[in-house]
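Visitor: Got a minute to walk me through this one? I'd like to start with a sheet and wander from there.
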Amino acid sequence: MDNPARRPHLRIMERDCDILIVGGGLNGPALALALAQAGFSVGVVDARPAPARAEAGFDGRAYALAQASKRLLSAIGIWPGLAPLAQPILQIKASDGRAGEGAAAFFLQFDSAETEDGPMGFMVEDRHLYAAFLEEMTVAGVRLWSRESVVAQTVDAGGVRVQLASGGHLSARLLVGCDGRASGTATRAGIGRTGWGYGQTALVTAVDHERPHDGIAHQFFMPGGPLAILPLRGNRSSIVWSEGAAQAAAVQALPDAGYLAALRPRFGDFLGDIALAGDRFTYPLSLTLANRFVAPRVALVGDAAHGVHPLAGQGLNLGLRDVAALAEVLAEAARRGEDFAAADVLERYERWRRFDTVVMALGMDTVNRLFSNDNPILRLGRDLGLGAVSALPALRRRFMREAAGLEGDLPRLLRGLPV
Amino acid sequence: MSLNTIDPAEVAKFEAMAAEWWDPAGKFKPLHMLNPCRLDYITTQIALEFDRDLTAPLPFKGLRLLDIGCGGGLLSEPMARLGADVVGADAAARNIPVARLHAEQSGLAIDYRHAAAENLARDGERFDIVLNMEVIEHVPDPQAYLKACAELLNPGGLMICSTLNRNPKSFMMGIIGAEWVMRWLPKGTHDWRKFITPDELTAMITAAGLRPVDRKGMVFNPARWSWSLSDRDLSVNYVTASVKD
């Protein structure tokens with residue numbers, strides 16, 4: 001009897017890699033590293049030219065990494081190089097404010113001395129984070145297609161094949177979309193989105209100030225939207241300043257001196273005078289959730305799955321939770337001998353992440369709607385409410401652990417363990 | 001039999017059956033749900049017995065494995081993917097071309113045969129590992145069957161055997177629950193009187209000349225909607241490991 005087991009695999013196409021990641025931002029490289037270290041062959045398609053960003057000077061962009069995210073970076077080997085460049089967040093002060101009045105008397109205060117987990121988080125500059133990823137990806141043997149994008153994708157029985165803008169083709173067993181809120185990977189896979197805009201825009205930059213920040217992060221809830229002042233290394237802070245869309249556009253159009261003049265009364269003078277230290281970016285705020293996080297041979301990670309309000313810097317941290325969960329699900333499946341890109345395996349990832357994500361997205365949405373308001377009665381209630389939460393240590397510790405990503409069913413990478 | 005030389009209508013039928021076996025939401029959904037848990041147990045026991053590192057590529061390379069009652073290949077394929085040299089055997093002839101077709105689509109080399117354990121033993125086939133999963137509750141003479149399984153093992157070989165316990169709870173869960181309420185399995189799939197208690201199975205395995213080394217429960221958790229291994233709860237589904245000294 002002719003035994004097919006003895007014949008070559010006639011129908012099997014050689015794949016360029018096990019897993020192809022679309023999007024070279026931060027979640028893409030983090031996932032690529034975690035997967036490569038777990039034994040998968042991994043490729044990344046990145047629209048940007050690779051070296052330019054790695055060699056760039058400080059451009060004003062920075063991220064607040066939660067403790068759990070730091071643990072993931074440790075587990076994939078990039079934290080040791082980043083630690084000397086990161087600013088620990090030792091305290092977070094949240095208060096209700098109005099331009100020209102400074103912070104209200106009652107405010108919510110979180111102090112890292114109250115938990116045993118160390119600092120509340122770490123501020124890391126985009127250029128340092130990205131350079132660390134690039135270096136480690138080379139070490140781990142991740143293939144990078146820079147200045148390249150995907151224009152078409154087709155799923156077959158054993159995997160997925162994509163067409164690149166340059167005309168070439170790549171094939172893999174699984175395609176992961178880390179390509180942001182406007183994810184082409186999701187659209188091409190037929191995954192719809194639900195969401196809404198806030199009519200708000202985040203103005204993002206960095207400032208140098210006269211006095212040290214002592215590792216304290218501030219969040220002022222202003223009528224136009226929250227203003228976050230996040231400590232960077234030295235006498236420098238990152239600014240995430242949310243305003244109504246029209247107001248934000250007007251501020252962004254101002255020359256630097258006018259921009260600073262608008263920022264000063266909101267910022268206050270508690271750190272002395274301020275000067276711009278980076279470029280000025282704007283990001284329109286919107287909530288967008290993909291209706292599914294997976295499709296046949298496709299998974300979505302980070303903003304491609306869920307773009308949340310950037311309040312409290314949870315965007316990247318949520319994305320890294322996806323990275324940790326997906327890497328663990330895929331590695332476990334592969335070690336059991338399962339087809340790691342099969343529908344039931346991908347569903348395990350979706351089940352793990354979707355609930356958590358929706359809760360976080362709606363929570364941030366509610367907080368923002370409550371605080372972006374100038375009604376004097378609501379304002380008094382908020383002052384008292386924030387003061388009350390601040391007075392309850394147990395509740396506050398719980399809130400802090402949640403914000404640090406230390407609550408819930410944690411993937412191994414978020415506990416600092418390899419997958 | 002070559003897939004290129006058989007009737008195209010037959011191939012279409014096999015393709016439909018293979019699709020059915022491998023649809024996680026279809027007729028064999030309960031097996032798909034149980035599979036990660038079974039595979040966790042199987043891979044861990046093989047790694048322990050043969051000192052293999054599950055994080056290395058092709059950890060089961062060089063091991064010859066028999067999957068009895070292979071069906072569509074739900075266990076044979078993962079074992080082949082981990083590098084084992086796999087023979088899948090099924091007493092139902094119609095499963096064989098279906099399993100072959102799917103293995104070929106998956107790019108896996110698996111030797112599927114229409115045979116019972118007793119035939120293979122008589123032919124002098126020998127294996128390092130025998131997977132004997134959810135089969136024993138369906139055979140007419142479990143003791144004779146286990147003897148054949150033991151004979152199929154090389155010295156130092158490992159047998160993994162899973163089945164259903166016999167008690168009021170397993171009757172409720174395995175028959176009323178799985179067959180009548182959830183409709184996970186066709187009614188009449190199981191005959192409760194043929195279920196075997198862990199102690200009975202241990203005694204039969206020992207009588208067949210093997211040494212039991214481990215046993216665990218497989219427990220369905222409705223909150224997580226998945227199965228997990230349990231050291232204590234062997235009240236419904238359970239799985240055992242035994243070796244041939």
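**Sheets, helices and a few odd residues**

Guide: Sure. In chain A, 3 strands make an open sheet, ordered S3-S7-S4, and the pairing is antiparallel. Keep in mind that this is a predicted model.

Visitor: Which strands sit at the edges of that sheet?
Guide: Strand S3 (62-66) and strand S4 (87-89) of chain A, each of which pairs on one side only. Direction ignored, neighbouring strands here are turned by 30° against each other on average.

Visitor: How many bridges hold S4(A) and S7(A) together?
Guide: There are 3 bridges between S4(A) and strand S7 (residues 121-125) of chain A, in the antiparallel sense. One pair to look at is Ile89(A), whose bridge partner in S7(A) is Gly121(A).

Visitor: What about helix H3 of chain A, which strands does that touch?
Guide: Helix H3 (residues 67-75) of chain A packs on the sheet and touches S3 and S7 of chain A. The direction of H3 makes about 95° with that of S3(A). H5(A) also lies across S3 and S7 of chain A, and runs at about 85° to S7(A).

Visitor: Stay with H5(A) for a second. At what angle does H1(A) pack with H5(A)?
Guide: About 25°, with the axes 10 Å apart; H1 covers residues 27-37 of chain A and H5 covers residues 126-140 of chain A. That is why H1(A) and H5(A) are roughly parallel to each other. H1(A) passes H5(A) in a left-handed crossing.

Visitor: Which residues make the contact?
Guide: From H1(A) you have Pro29(A), Ala30(A), Ala32(A), Leu33(A), Ala36(A) and Gln37(A). H5(A) brings in Phe133(A), Glu136(A), Met137(A) and Ala140(A). By type, the contact of H1(A) with H5(A) splits into 8 nonpolar, 1 polar and 1 charged.

Visitor: New topic: strand S11 of chain A. How many of its residues are buried?
Guide: 7 of 9, so S11 (residues 169-177) of chain A is mostly covered.

Visitor: And what does S11(A) pair with in the parallel sense?
Guide: Strand S1 (residues 17-22) of chain A pairs with S11(A) in the parallel sense over 5 bridges. Strand S19 (residues 298-300) of chain A does so over 3 bridges. Cys17(A) has Ala172(A) in S11(A) as its bridge partner, and Gly177(A) has Leu300(A) in S19(A).

Visitor: Where does S10(A) come in, parallel or antiparallel?
Guide: Antiparallel: 4 bridges join strand S10 (residues 159-164) of chain A to S11(A). Arg161(A) stands opposite Ser171(A) in S11(A). The hairpin of S10(A) and S11(A) has 4 residues between the strands, and Gly167(A) there takes a positive phi near 105°.

Visitor: That's a glycine. Which residue in chain A has a positive phi although it is not a glycine?
Guide: Asp214(A) has one, at about 55°. Look in the loop between strand S12 (193-209) and strand S13 (216-222) of chain A.

Visitor: Is Asp214(A) buried or exposed?
Guide: Exposed, because just 9 other C-beta atoms lie within 10 Å of Asp214(A), and 12 or fewer counts as exposed.

Visitor: What about chain B, where is Leu58(B)?
Guide: Leu58(B) is in the loop between helix H2 (29-50) and strand S1 (64-68) of chain B. Leu58(B) is not a glycine either, and has a positive phi of about 45°. With 11 C-beta neighbours inside 10 Å, Leu58(B) also counts as exposed.

Visitor: While we're in chain B, what is the strand order of the open sheet there?
Guide: The order is S3-S2-S1-S4-S5-S8-S6-S7 (chain B), 8 strands with mixed pairing. Strand S3 (111-114) and strand S7 (226-230) of chain B are the edges, and the twist averages 20° from one strand to the next.

Visitor: How do S6(B) and S7(B) pair?
Guide: Strand S6 (residues 211-221) of chain B and S7(B) are antiparallel, over 5 bridges. Phe220(B) has Trp227(B) in S7(B) as its bridge partner.

Visitor: Which strands does helix H8 of chain B lie across?
Guide: Helix H8 (residues 198-207) of chain B lies across strand S5 (153-164), S6 and strand S8 (237-243) of chain B, at about 150° to S6(B). H8 of chain B is also among the elements that cover the buried residues of H6(B). Those buried residues are Tyr145(B), Leu146(B), Ala148(B), Cys149(B) and Ala150(B).

Conventions. Residues numbered from 1 in each chain as written. Chains lettered and ligands numbered in written order. Predicted model: local features only at pLDDT ≥ 70, side-chain atom pairs only at ≥ 80, totals over all residues. Axes fitted to C-alpha atoms, helices over the stretch in contact; angles between N-to-C directions. Helix = DSSP H or I, 4+ residues; strand = E, 2+ residues; numbered from the N terminus. Parallel < 35°, antiparallel > 145°, perpendicular 65-115°, else oblique. Left-handed = near helix turned anticlockwise from the far one by under 90°. Contact = placed C-beta atoms within 7 Å. Nonpolar A, V, L, I, M, F, W, Y, C, P; charged D, E, K, R; others polar. Pairing = 2+ DSSP bridges. Buried ≥ 20, exposed ≤ 12 C-beta atoms within 10 Å, placed from the backbone.
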